[in-house]
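Visitor: Please take a close look at one part of this model, a place where two helices meet, and describe what surrounds that place.

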Amino acid sequence: SSQPEAFADYLRILDEACAAIGRDPSSIGRSAGVFVDTLGDGIAEADGLGIPITGSPEEIADTIRRFGAMGFTSVEMMPWPGTEATFELLGEVLQLLDA
């Protein structure tokens, strides 16, 4: 799944590993690679991409912001489908995130 909550266990494991070796977990960047399905038609999920991030530009930006609230320092968005319209919509998402 590309939803932020699906990454919670990975963050817990990282924090536990840091505690085991005495390292400050905030000294490590946290990144996630996610699929963003701008069509929201279910084809991405059917193609084995898991549950992608979908919705309006505002909804997608809100979902990406949740990663930041969880402590992620980087989110790599993989657009689906790879069309010009998809990239235009992601441009709107990026503008919202920059605001």
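Guide: What follows is a description of one helix pair and of two residues beside or within that region.

The model is predicted. Two packed helices are described by the angle between their axes and the distance between the axes. Here the pair is α3, residues 57-69, and α4, residues 84-98. Their axes come within 9 Å and cross at roughly 55 degrees. The angle lies outside the 65 to 115 degrees that count as roughly perpendicular and is not under 35 degrees, so α3 is oblique to α4. The crossing of the two helices is right-handed. On the α3 side, the contact is made by P57, E58, I60, A61, I64 and R65; α4 contributes L89, E92, V93, L96 and L97. Sorted by class, the contact of α3 with α4 has 8 nonpolar residues, 3 charged ones and no polar ones.

L89 also takes part in a contact with T38, a residue in the loop between β1 (31-37) and α2 (43-49). T38 has a relative accessibility of 16% and therefore counts as buried, the cut-off being under 20%. Neighbours within four places in sequence aside, T38 is in contact with W80, P81, T86 and L89. With T86 there is a polar contact between the side chains, at 3.0 Å.

E84 also belongs to α4. Its relative accessibility is 61%, so E84 counts as exposed, for which the cut-off is over 50%. Between the C-alpha atoms of E84 and L11 the separation is 34 Å, and along the chain the two residues are 73 residues apart.

Technical notes
Residues numbered from 1 in each chain as written. Predicted model: local features only at pLDDT ≥ 70, side-chain atom pairs only at ≥ 80, totals over all residues. Heavy atoms only, no water. Axes fitted to C-alpha atoms, helices over the stretch in contact; angles between N-to-C directions. Helix = DSSP H or I, 4+ residues; strand = E, 2+ residues; numbered from the N terminus. Parallel < 35°, antiparallel > 145°, perpendicular 65-115°, else oblique. Left-handed = near helix turned anticlockwise from the far one by under 90°. Contact = heavy atoms within 4.5 Å. Nonpolar A, V, L, I, M, F, W, Y, C, P; charged D, E, K, R; others polar. Buried < 20%, exposed > 50% of the residue type's maximum accessible area, 1.4 Å probe, protein only. Polar contact = N/O pair within 3.5 Å; in protein donor to acceptor, adjacent residues only side chain to side chain.
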